[in-house]
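Before reading on, please take a moment with the sequence and the model below. The paragraphs that follow start from single residues and then widen out to the interior and the surface.

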Amino acid sequence: MDRIMNRVAVTFRSRCGVFRRDLKVTVTLLAIVFLASCRQDMQDQPKYLAYRGSEIFADSLSSRNLVEGTVARGYLRADQEMYTGKAVTAVAKSASDTAGTAVGGDVNEFPFPITRDILDRGQERYNIYCSPCHGVLGDGRGMIVNRGFSPPPSYHQERLRTVALGHFYDVITNGFGRMPDYAMQVPPHERWAIIAYIRALQLSQNAQIADVPADQVQNIK
C-alpha cells in the first residue's frame, strides 16, 4: 500500500510541475502578444506636425506664433542703456506729438554702482576673455600677440582713455575688427564689470599723485 501511495504522490508532483511550467509558458506568450498589440512607433503615433497639418485653425498651422512683444522669462531688457550701452533720449512722434524714445550715442556712466566685488569680478572675466589679446596690463601685448597675432590697440592711448564707456560695451557685445563678439560668453552685467576693470587699468598706468586720497599718500613708496 505504501508503495502505491508513494507512486501516486510522485505522479501528482510530476504533473503539478508540468502544469506550472505550461502555465508560465502560457502567461509569457500572452504577455508578448499583449505587448506587441500595444506597440506603436513614434513616427506612427497621432500628432500634429509643427506649423502644418492642423484642422483646428483657419491657417492650418498646428502651432501658434508668439504674441507680438512676447519676452522670455528673465530676458526683459527694459533698461536700454544697461543692455545696449547707448543713451536713450525722448523724442516726439509725428503729428500725434506722443513722447517716444530713440537710441543715441554711447553712455559714459555705469548703470549701477561699482564696488570692490564688481571690480574683482571684472578682473577675473578680463583675464579669461580679454588678456590673451589685450594683455594683463591692457597694453595689447597678450600671449596670442606674442605668437604672431595682430596686436589690438593699447587701452592706454589717449583715444581709448577718453572714449565713452558705451564704446567698450558695444565692442564686447558686437565685436570690432578682428575681435569676435562675446555676447554669448559674457552676460551684460559682467560686460560692465570688465569695463570697470579696464578703467582701473587705465588709471593704474596713468595716475598722478593728485589722484591719490590725501590720507593714503604716505602709503606710496
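**From one proline to the whole fold**

Leaving aside residues up to four places away in sequence, proline 132 touches Asn127, Gly142, Met143, Ile144 and Val145. The coordinates come from a predicted model, and every value discussed here is computed from it. Proline 132 belongs to helix 4, and, with a relative accessible area of 27%, proline 132 is partly exposed, because the buried class ends at 20% and the exposed class begins over 50%. Asparagine 146 stands 14 residues from proline 132 in sequence, and the C-alpha atoms of the two are 9.5 Å apart in space.

With that starting point in hand, the overall plan can be set out. The protein has eight helices and two strands, and, read from the N terminus, its elements follow the order α-α-β-β-α-α-α-α-α-α. Among the 221 residues of the protein, 21% count as buried, while the exposed surface comes to about 16700 Å², of which carbon and sulfur atoms supply 57%. Of the contacts with a separation of 6 or more, 41% are accounted for by residues 24 or more positions apart.

Where do the nonpolar residues gather? In soluble globular proteins, nonpolar side chains tend to be buried together. In this model the largest nonpolar core holds 22 residues, and those that touch the most other members are Tyr126, Tyr155, Phe168, Trp192, Ile194, Ile195 and Ile198. Helix 3 (116-129), helix 7 (165-174) and helix 8 (188-206) each supply at least two residues of this core, and helix 8 gives the most, with seven residues. Tryptophan 192 has contacts that reach well back along the sequence: not counting residues up to four places away, tryptophan 192 touches Glu81, Met82, Gly85, Val107, Glu109, Phe110, Pro111, Phe112, Leu165 and Tyr169.

Helix 7 deserves a closer look. Eight of its ten residues are buried, so helix 7 is largely enclosed by the rest of the structure. The buried residues of helix 7 are Leu165, Gly166, His167, Phe168, Tyr169, Val171, Ile172 and Thr173, and of these Phe168 was already listed among the core residues that touch the most other members, while Leu165 and Tyr169 are contacts of tryptophan 192. Just after helix 7, glycine 175 takes a positive phi of about 80°.

The chain then enters the loop between helix 7 and helix 8, where arginine 178 is placed. Is arginine 178 buried or exposed? Its relative accessibility is 62%, so arginine 178 counts as exposed. Not counting residues up to four places away in sequence, arginine 178 touches Phe149 and Ser150. Proline 152 is 26 residues from arginine 178 along the chain, and 8.7 Å separates their C-alpha atoms.

Proline 152 leads in turn to the open spaces of the model. The largest pocket contains about 510 Å³ of space, and of the 24 residues that line this pocket, His134, Pro152, Pro153, Phe176 and Met179 are the closest to its centre. At least two lining residues of the largest pocket come from each of helix 4 (131-134), helix 6 (158-162), helix 7 and helix 8, and helix 7 gives the most, with four residues. By class, the lining of the largest pocket divides into 18 nonpolar, four polar and two charged residues.

What of closed spaces? A search of the whole structure finds one cavity of 30 Å³ or more, and about 30 Å³ of space lies in the largest cavity. The lining of the largest cavity is formed by Tyr129, Cys130, Ile172, Met179, Tyr182, Val186 and Ile194, and by class these comprise seven nonpolar, no polar and no charged residues. Several of these names have appeared before: Ile172 is one of the buried residues of helix 7, Ile194 is among the core residues that touch the most other members, and Met179 is one of the residues closest to the centre of the largest pocket.

Definitions and conventions:
Residues are numbered from 1 along each chain as its sequence is written. This is a predicted model: local features need pLDDT of at least 70, side-chain atom pairs count only at pLDDT 80 or more; totals for chains, interfaces and linings use all residues. Side-chain values use heavy atoms; hydrogens and water are left out. On a 1 Å grid over the protein atoms alone, a cavity is a set of points where a 1.4 Å probe fits but cannot get out, and a pocket is an open set with protein on both sides within 12 Å along at least five of seven lines; lining residues have an atom within 4 Å of a point. Grid points are joined across faces, edges and corners, and a volume is the space filled by probe spheres set on the points. Ala, Val, Leu, Ile, Met, Phe, Trp, Tyr, Cys and Pro count as nonpolar, Asp, Glu, Lys and Arg as charged, and the others, Gly among them, as polar. A nonpolar core is a set of buried Ala, Val, Leu, Ile, Met, Phe, Trp, Tyr and Cys residues joined through side-chain atoms within 4.5 Å. Buried means under 20% relative accessible area, exposed over 50%, partly exposed in between (1.4 Å probe, protein chains only). Contact means heavy atoms within 4.5 Å. Accessible areas come from the Shrake-Rupley method with a 1.4 Å probe; for residues, only the protein chains shown count as cover.
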